[in-house]
Amino acid sequence: MTIGTTTFTTPAAASGSDLHSTISSTGPGWAATSTSSLSSITDYSTFPLIRQGDRTYLRDPENLYPLPCDLPEIHRQTLRSLMLIRVFGGPFCNPHLADNPPKRVLELACGSGLGSSQCHDFFARRGHPNVSFTGIDLVSVAPDLRKKGVNWQFKRHDLRKPRLPFPDDYFDFVFIKDAGMCPSSPAQQASGLSEPLRVLKSGGVLEVWDSDWVFRSLLPNPAPARKLASREQEIADSTATYTFSAATPFTRAQNKFLQDYNSWVETAFDRRKLSALPCATIGLSFNSEVDLLENVDSRRIAIPLGEIRWEREGQGRDTGRTRKPLTTEQLSIRRTALITVIQMIEGMEPMLMEASGKSRDEWDRWWAAMTADLFQKGGIAGGECLEVSAWWGRKR
């Protein structure tokens, strides 16, 4: 996938055969600044983070947020975000924004600030370099985007608190990406849009991107979710991804290791009263705000985690296309999806070990067998996909 010139080998990739992933040319700046920010946190007794093994996690008495808060997780999120920008066709999906740039933008759970930076670049290329961006998160790991020419400020805030630290009707665009594991997010609560909508101006845009954490297998001949616009169809064809809807045929994951993972993550999330299928909850959140939102729309995309058996056999939706070998970029998109999935499972290790009941030795054997199967033995030829979705709407 052509998203830059800098490469790094991920921890998961080291288990496979020469697996490299590309990050944008701004990646080193992100990594250096984030490393500095994280390494400055030395007193874990007073900071809301805690070391567990060789990873850093949120200090949470209820143990609700299962992913790490450290540099490898920032790298994973960066890879995932750049991949999503490619398959969605830009840093946001709402077509209204392209010709109507916002003045003030809020990025909730901003992490490294990559979303704000990409949006700034998009608007600056169209002659609007002065859009104001605000990032908000529990930990400051973003670089100083002002050095890149972004009108940027960061505000530290615990998103689990009931109220955002901004006045009503303040922002023109609010976007939330990959925040679905936060218990207060719209991915976990049907009322999770109330605060983002409160701080959004009338006529402003709200957009949410997220992914499901249970994996399914795509069946042959999946029809597009709807008649796609020419640009959407071009992106789907060039990235070898599949748009889908509730009517699209899926089946349970065929890979035995992903079946194990699905079972454990559902058990672990049930214990924490979290949904492992946040995309459905986000859809309900948007539908529940019909009095405040108009022009609501969505896109749901299945990214296969590897080459699919029925594609190779010419049974896909367009046999003229799917019989052709995947291009380098298409393979890279799928490999990036797989790597970010494996890294996510690695980050959830403490929670998944608890749910599985495995000892350390048992887990290590399962992990070694799983990575070998997925990376080296073609264990994901059954159509297993990463399902990603975007929703957007304008405030009345």
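A cavity is a set of grid points where a 1.4 Å probe fits but cannot get out, and its lining residues have an atom within 4 Å of such a point. Keep that in mind for the exercises below, which use a predicted model.

**Exercise 1. Describe the largest cavity: its volume, its lining and the elements that supply the lining.**

Step 1. Start with the setting: the structure holds 5 cavities of 30 Å³ or more. About 700 Å³ of space lies in the largest cavity.

Step 2. Turn to the lining, which counts 37 residues. Nearest the centre of the largest cavity lie Tyr 65, Gln 77, Ala 109, Gly 111 and Asp 137.

Step 3. Sort the lining by class: 20 residues are nonpolar, 8 polar and 9 charged.

Step 4. Find the contributors. At least two lining residues come from each of α2 (71–88), β5 (104–108) and α4 (114–125). Helix α2 gives the most, with 6 residues.

**Exercise 2. Work out which residues and elements line the second largest cavity.**

Step 1. The volume of the second largest cavity is about 110 Å³. Its lining has 14 residues, with Leu 67, Arg 76, Asp 178, Met 181 and Trp 213 closest to the centre.

Step 2. By class, this lining splits into 6 nonpolar, 3 polar and 5 charged residues.

Step 3. Both α2 and β9 supply at least two residues here. The largest share, 4 residues, comes from α2. Recall that α2 also gives the most to the lining of the largest cavity.

**Exercise 3. Decide whether helix α8 is mostly covered or mostly open, and find what packs against its buried residues.**

Step 1. Helix α8 spans residues 278–287, and 7 of its 10 residues are buried, which makes the helix mostly covered.

Step 2. List the buried residues: Pro 278, Cys 279, Thr 281, Ile 282, Gly 283, Ser 285 and Phe 286.

Step 3. These buried residues pack against three strands: β9 (200–211), β13 (293–304) and β14 (384–395). You have met β9 already, in the lining of the second largest cavity.

**Exercise 4. Classify Glu 232 as buried or exposed, and name the residues that it touches.**

Step 1. Locate the residue: Glu 232 lies in helix α6 (residues 230–239).

Step 2. Its relative accessible area is 16%. Buried means under 20%, so Glu 232 is buried.

Step 3. Leaving aside residues up to four places away in sequence, Glu 232 touches Arg 226 and Arg 299.

**Exercise 5. Compare the ring geometry of Phe 244 and Phe 250 with that of Trp 363 and Trp 366.**

Step 1. Recall the two numbers to look for: a pair of aromatic rings is described by the distance of the centres and the angle of the planes. The whole structure has 16 aromatic pairs.

Step 2. For Phe 244 and Phe 250, the centres lie 5.3 Å apart and the planes stand at 80°. Planes over 60 degrees apart count as edge-to-face, and this pair is edge-to-face. Phe 244 is buried at 3% relative accessibility, and Phe 250 is buried at 14%.

Step 3. The ring centres of Trp 363 and Trp 366 are 5.0 Å apart and their planes are at 35°, so this pair is tilted. Trp 363 counts as buried at 0% relative accessibility, and Trp 366 is buried at 7%.

Step 4. Place the Trp pair in the chain: Trp 363 and Trp 366 both lie in helix α13 (residues 360–376), 3 residues apart, about one turn of the helix. An α-helix has 3.6 residues a turn, so residues three or four places apart point the same way.

Note on methods. Residues are numbered from 1 along each chain as its sequence is written. This is a predicted model: local features need pLDDT of at least 70, side-chain atom pairs count only at pLDDT 80 or more; totals for chains, interfaces and linings use all residues. Side-chain values use heavy atoms; hydrogens and water are left out. Buried means under 20% relative accessible area, exposed over 50%, partly exposed in between (1.4 Å probe, protein chains only). Contact means heavy atoms within 4.5 Å. On a 1 Å grid over the protein atoms alone, a cavity is a set of points where a 1.4 Å probe fits but cannot get out, and a pocket is an open set with protein on both sides within 12 Å along at least five of seven lines; lining residues have an atom within 4 Å of a point. Grid points are joined across faces, edges and corners, and a volume is the space filled by probe spheres set on the points. Ala, Val, Leu, Ile, Met, Phe, Trp, Tyr, Cys and Pro count as nonpolar, Asp, Glu, Lys and Arg as charged, and the others, Gly among them, as polar. Rings of Phe, Tyr and Trp (its six-membered ring) pair if their centres lie within 6.5 Å; planes under 30 degrees apart count as stacked, over 60 as edge-to-face and the rest as tilted.
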